[in-house]
Amino acid sequence: MRGMRWKAKFILFSILCGVLYFVEQRYDFFRLREIDVVPVGILPDSIVWGAIPVSCEHFWLSLFLGGREFAGNIENFYPVELSVKISGWGRYRVHIKPLEPILYVSWRSNMWLLSKNGRMWLASHPSNLAVKGMVFPKKPILAWDSGLALPIDPESRKGDIFPSSLPMAKIKKWYDEIERIGWEEDIYCVLAKKLDGRPVVQLLLGSGEKISSEIVVKDDTADWASLAAALAEVFPGAGNRIPGGLVVNATFTDKFTVTSKDNR
């Protein structure tokens, strides 16, 4: 009896599969019908449709089951975040949001963009032109010295947009403290490097054409505000500004030095 029941179930299952196959071949019942991309215009629709695996076009549910693969086909090559939701039978809504670049990062003679969610990609990459609505950063450039740990992992490369290994929380403290002290407008570049084997931050004041002054501090921001107050006493007429032609070294334990750039 059990064998007969098993055979009956197998026959019914085969008939059901045959019916579904016939319906699909005749009416494209399971094909992908529509993708609604919102907001309109962030990425060309051709890029979105081009990232869809061929198998998903004929069986629309596979896009839901393998949604991360589809999202990765776009997010690994374009600076965007993407989410996929079912909006009806054979229909999806794809929400696309440009990444939010917070800093330009100079590393190994190239300029990169660093996003708020910790992604990095070349500032010159053509994909920047394809993404609409991206706002580029205006803060001082972050220069990452080649002697420090790699800011990206080349071995984990899946495309042109890399997950960054930069210490995001520490970098945020640097820039928050610079803004709080009132140095942001004068600083062109924040250089992270090592000095005598110790991690330091070198603040370059001026512009790309001419660096007027430099301030070298510990990478811990705990003493930055007290240094700013001490410099205001040394240069009382300058406010929060540092006179040109000087190098301030505040990497010592309990003192700082001021020297001329020409005498280094």
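1. How many bridges join strand 11 to strand 12, and do these strands run parallel or antiparallel? Strand 11 (residues 211-218) and strand 12 (residues 246-250) run parallel, and four bridges join them. One residue to look for here is glutamate 214, whose bridge partner in strand 12 is valine 247. Helix 8 (residues 224-234) packs on this sheet, where it touches strand 10 (198-206), strand 11 and strand 12. The direction of helix 8 makes about 135 degrees with that of strand 11.

2. Now for the wider view. Please keep in mind that this is a predicted model. The protein has eight helices and 13 strands. Of its 264 residues, 38% are buried. The protein exposes about 15,600 Å², with 57% of that supplied by carbon and sulfur atoms.

3. The sheet from point 1 is open and has 10 strands, in the order 8-6-5-4-7-9-10-11-12-13, with mixed pairing. Strand 8 (162-163) and strand 13 (257-260) stand at its edges; each has a single partner strand, so one side of each is left without a neighbour in the sheet.

4. There is also an open sheet of three strands, again with mixed pairing, in the order 1-3-2. Here the edges belong to strand 1 (34-38) and strand 2 (80-88), each with one side free of a neighbour in the sheet because each has a single partner strand. On average, neighbouring strands of this sheet are turned by 20 degrees against each other, direction ignored.

5. Strand 2 and strand 3 (residues 91-98) run antiparallel and are joined by eight bridges. Valine 80 stands opposite proline 98 in strand 3. Helix 5 (residues 67-75) lies across both strand 2 and strand 3, at about 145 degrees to strand 2.

Note on methods. Residues numbered from 1 in each chain as written. Predicted model: local features only at pLDDT ≥ 70, side-chain atom pairs only at ≥ 80, totals over all residues. Heavy atoms only, no water. Helix = DSSP H or I, 4+ residues; strand = E, 2+ residues; numbered from the N terminus. Buried < 20%, exposed > 50% of the residue type's maximum accessible area, 1.4 Å probe, protein only. Areas by Shrake-Rupley, 256 points an atom, 1.4 Å probe, with all protein chains shown as cover. Pairing = 2+ DSSP bridges. Contact = heavy atoms within 4.5 Å. Axes fitted to C-alpha atoms, helices over the stretch in contact; angles between N-to-C directions.
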